[in-house]
Each structure stands twice: as C-alpha cells, then as structure tokens.
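Biologist: Hello! I am new to this structure. Could you walk me through it and tell me how each label is earned?

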Amino acid sequence: MDVQLKNAVPPVSNVVCVAHRPNYTNARQRLQACKFVLLPNGEQARNMRRFSGSCRFVFNRALALQQARF
C-alpha cells in the first residue's frame, strides 16, 4: 500500500486524518495533524471493503441484541 502526503498528490476522497496531541505539562498545548492518502491496489481495496462490511455487520448485530434486551 502506498502512503503519500496530501501535498504530493491531488485531493481524493479516501483521506485519513491523524491528530497527535502530545502530553505537555505547561499551560499551552500544541495540536499537530498530518493528512495521508491511501492508494491501495485492487486486492487491498477489496479487503478493506470486506473488513468494513464485517465491522458494520457485527455492530448492527450487537445493536439489535442490545435493543432486544432493553
């Protein structure tokens, strides 16, 4: 999987934002974020879709069980 900085490629819809908040002890805190673009090949994109579909299925099943118990 290729990972490139957002400035290096044109903007696309699959941008992952990562925020980093260091643990500073003083009153000021510095927030820092980097944006990366994921460029998966065909098989990697298929695996990502399958994984997200599985997560959605598990979440919906757990939600249905919770609603049934309530």
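Modeller: Gladly. A contact means heavy atoms within 4.5 Å. In the protein chain, 46% of the contacts with a separation of 6 or more join residues 24 or more positions apart.

Biologist: What should I know about the source of the model?
Modeller: This is a predicted model, where local features need pLDDT of at least 70, side-chain atom pairs count only at pLDDT 80 or more, and totals for chains, interfaces and linings use all residues. Residues are numbered from 1 along each chain as its sequence is written, and side-chain values use heavy atoms, leaving out hydrogens and water.

Biologist: Which element has the highest mean pLDDT, and which the lowest?
Modeller: On this confidence score, given per residue from 0 to 100, H1 has the highest mean among the elements, 96, and strand E1 (residues 2–5) the lowest, 51. The mean for the protein chain is 78.

Biologist: What makes up the pattern of the protein chain?
Modeller: Along the sequence it reads β-β-β-α. Helices (H or I, at least four residues) and strands (E, at least two) are DSSP runs, numbered from the N terminus.

Biologist: How do you know that the span of helix H1 agrees with what is expected?
Modeller: The expected span is 1.5 Å times one less than the number of residues. For the 28 residues of H1 (residues 42–69) that gives 40 Å, and the end C-alpha atoms are 41 Å apart, so the two agree.

Biologist: Why is Cys34 called partly exposed?
Modeller: Buried means under 20% relative accessible area, exposed over 50%, and partly exposed in between (1.4 Å probe, protein chains only). Cys34 has 36%, so Cys34 is partly exposed. Cys55, at 37%, therefore counts as partly exposed too.

Terms used
pLDDT = per-residue confidence, 0-100.
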